[in-house]
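Biologist: Hi! Could we walk through this protein together, one question at a time?

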Amino acid sequence: MRVVYSVEEVEIPKGVNVSIEKTGPFDYVVKVKGPLGELVKEFRNTPVVMNVQDGKILLEVFNVRKKEYAILGTYKGILKNMFLGVTKGWRYKLKIIYTHFPVLAKVQGSQLVIENFLGRKSKITLDIPKGVKVEVKGKEDIVVEGIDRELVGTFASSIQAATELHGDERPSPHGREGTLGVVDGIYVVGVEHIKA
């Protein structure tokens with residue numbers, strides 16, 4: 001069943017400036033500026049009309065079906081994450097787990113280098129994106145920070161994916177006699193804000 005018109009409101013927090021520029025018939029560029037920095041997102045080929053009005057962002061859609069409702073919810077979530085990013089920031093915590101070969105992670109310039117994973121001589125090298133800060137704390141903790149949740153979260157998950165074992169590469173995936181098998185890797189263990 002179609003609904004003729006639906007609108008969602010996203011309140012703009014204090015200390016945050018928002019500008020929305022229409023770049024095409026169905027394209028928008030949203031700029032959000034706050035105490036921690038500025039984020040810019042492009043929304044292309046969107047059925048949603050975006051406007052700033054009375055300290056709120058109005059998201060309007062016409063001839064609404066399930067797909068349009070889903071897009072409205074997604075956009076609302078993206079905008080809220082942008083507001084949280086420029087006011088509180090995002091921090092992903094990762095834990096290095098190893099059972100025999102100690103894994104060494106370090107930041108070299110604009111790269112994260114992982115050495116001695118499962119005793120291998122080859123290094124795993126990941127380019128750190130601009131706007132993301134990576135810190136290795138002690139021997140077991142990696143902290144990834146930034147204001148863009150999508151960027152920070154994607155990089156944190158790429159660290160985890162770089163040390164995942166698949167197929168024949170994973171010896172004894174289910175373990176022997178009830179054990180866990182190979183658990184070595186780097187895992188995301190928590191997400192929090194930089195500022196409380």
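Biologist: Which residues does the UniProt annotation "domain: Large ribosomal subunit protein uL6 alpha-beta" cover?
Modeller: Keep in mind that this is a predicted model. The annotation itself comes from an unreviewed UniProt entry. In that entry, the name is given to residues 12-89 and 101-165.

Biologist: What percentage of residues 101-165 is strand?
Modeller: Let's start with residues 12-89, where the chain is 28% helix and 47% strand. Over residues 101-165, helix makes up 22% and the end C-alpha atoms are 15 Å apart. The strand share of residues 101-165 is 40%.

Biologist: How many residues of domain 2 are in contact with domain 1?
Modeller: The chain is divided into domain 1 (3-88) and domain 2 (90-193). Their C-alpha centres lie 33 Å apart. Where the two are in contact, domain 1 contributes 10 residues, and the number from domain 2 is six.

Biologist: Where on helix α2 do the buried residues fall, along one face or all around?
Modeller: Helix α2 runs over residues 149-162 and reaches 20 Å, close to the 20 Å expected. Its buried residues are V152, G153, F155, A156 and I159. Seen down the axis, they fall within an arc of 165 degrees, so they line one face of the helix. What covers them includes β7, β9, β10, β11, β12 and β13, and the answer to your question is one face.

Biologist: Which residue caps the N-terminal end of α2?
Modeller: Look for a side-chain oxygen that lies 3.1 Å from the backbone nitrogen of E150. The residue carrying that oxygen is D148.

Notes:
Residues are numbered from 1 along each chain as its sequence is written. This is a predicted model: local features need pLDDT of at least 70, side-chain atom pairs count only at pLDDT 80 or more; totals for chains, interfaces and linings use all residues. Side-chain values use heavy atoms; hydrogens and water are left out. Helices (H or I, at least four residues) and strands (E, at least two) are DSSP runs, numbered from the N terminus. The expected span of a helix is 1.5 Å times one less than its number of residues. Buried means under 20% relative accessible area, exposed over 50%, partly exposed in between (1.4 Å probe, protein chains only). The arc is that of the directions from the helix axis to the C-beta atoms. Contact means heavy atoms within 4.5 Å. A polar contact is a pair of N or O atoms within 3.5 Å; within protein, one must be able to donate a hydrogen and the other to accept it, and residues adjacent in sequence count only if both atoms are side-chain atoms. UniProt positions are given in the numbering used here, feature names are shortened, and annotations may be inferred rather than shown by experiment. Domain bounds come from an automatic or database domain assignment.
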